[in-house]
Amino acid sequence: MKKARIKTPLGIAELSGDENGLASVKVFDEGDISEKIPGDLQPACEQLNSYFKGDLKNFDLKINPHGTDFQKRVWKKLREIPYGETTSYLELSRDLGDEKAIRAVASANGKNPLWIIIPCHRVIGSDGSLTGYAGGLNRKKWLLDLENPPSQQSLF
């Protein structure tokens, strides 16, 4: 498995993957940055940089996350949430066909190894609150604000 570390507005992103696709994205508060990016990870690094600049709304990458069949179903559904929009864990459970699976859906969401690429940050509480995020709620809020900036209110 090849790795690369790049600087992002959220910290140092470590990408792992190979010719089969991107397997994981983790973000750390600090760390070394890769001097050379492996060819298999180059597209992911470029697209992440474009996303953070606000120039990319949809990732077009070969991905290969490791998880159970259920987790992969949840992650596939997460990729359908449009840029700048959110859904709730309850709605996500309903979309997957079982409203009672809300805890399992939330757990699968939390185990997403490709956060940002698979936009688990777009899932919020039914009451609109920011709830659980592996990268911390401050990063979740930052990502949601990037995708849907608060509108400037007029002073006049």
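In these legends, a residue is called buried when its relative accessible area is under 20%, exposed when it is over 50%, and partly exposed in between, with a 1.4 Å probe and protein chains only. The model shown is predicted, so local features need pLDDT of at least 70 and side-chain atom pairs count only at pLDDT 80 or more, whereas totals for chains, interfaces and linings use all residues. Residues are numbered from 1 along each chain as its sequence is written, and side-chain values use heavy atoms, with hydrogens and water left out.

**View A. Strand 2 is paired with strand 1 and with strand 3.** Helices (H or I, at least four residues) and strands (E, at least two) are DSSP runs, numbered from the N terminus, and two strands are said to pair if DSSP finds at least two bridges between them. Strand 1 (residues 2-8) pairs with strand 2 (residues 11-18) in the antiparallel sense over seven bridges, and these two strands form a hairpin with two residues between them. Within this pairing, A4 stands opposite L15 in strand 2, and R5 has E14 as its bridge partner. On the other side of the description, strand 2 and strand 3 also pair in the antiparallel sense, over seven bridges, and a hairpin joins them through two residues. Here the bridge partner of G17 is L22, in strand 3. Strand 2 is mostly covered, as eight of its eight residues are buried.

**View B. R5 and E14 are joined by a salt bridge as well as by strand pairing**. A salt bridge is a side-chain nitrogen of Lys or Arg within 4 Å of a carboxyl oxygen of Asp or Glu, and the structure holds nine of them. For R5 and E14, the closest N and O atoms are 3.0 Å apart. E14 has a relative accessible area of 12% and is therefore buried.

**View C. A salt bridge connects D29 with R139**. The closest N and O atoms of D29 and R139 are 2.6 Å apart. The pair links distant parts of the chain, 110 residues apart, with D29 in the loop between strand 3 (21-28) and helix 1 (42-53) and R139 in helix 5 (residues 137-147). D29 counts as exposed because its relative accessibility is 66%, whereas R139, with a relative accessible area of 11%, is buried. Contact means heavy atoms within 4.5 Å; leaving aside its neighbours within four places in sequence, R139 is in contact with L10, V27, F28, D29, W115 and Y133.

**View D. E91 and R94 form a salt bridge within helix 3**. The closest N and O atoms of E91 and R94 are 2.8 Å apart, and both residues lie in helix 3 (residues 89-95), three residues apart, which is about one turn of the helix. E91 is partly exposed, with a relative accessible area of 34%, and R94 counts as partly exposed at 39% relative accessibility. Elsewhere, salt bridges that share partners join K3, R5 and E14 into one network.

**View E. Helix 2 packs against helix 4**. Axes are lines fitted to C-alpha atoms, for helices over the stretch in contact, and angles run from 0 to 180 degrees between N-to-C directions. By this treatment, helix 2 (residues 69-78) and helix 4 (residues 102-110) pack at an angle of about 80 degrees, with their axes 9 Å apart. That angle makes helix 2 roughly perpendicular to helix 4, where angles under 35 degrees count as roughly parallel, over 145 as roughly antiparallel, 65 to 115 as roughly perpendicular and the rest as oblique. From helix 2, F70, Q71, V74, W75 and L78 meet A104, V105, A108 and N109 of helix 4. The residues of this contact divide into seven nonpolar, two polar and no charged, with Ala, Val, Leu, Ile, Met, Phe, Trp, Tyr, Cys and Pro counted as nonpolar, Asp, Glu, Lys and Arg as charged, and the others, Gly among them, as polar.

**View F. I116 is a buried loop residue**. I116 is found in the loop between helix 4 and strand 5 (123-124), and its relative accessibility of 2% is why it counts as buried. Leaving aside its neighbours within four places in sequence, I116 is in contact with L10, L48, Y51, F52, F59, H121, Y133 and L143. The C-alpha atoms of I116 and L92 are separated by 17 Å, the two residues being 24 residues apart along the chain.
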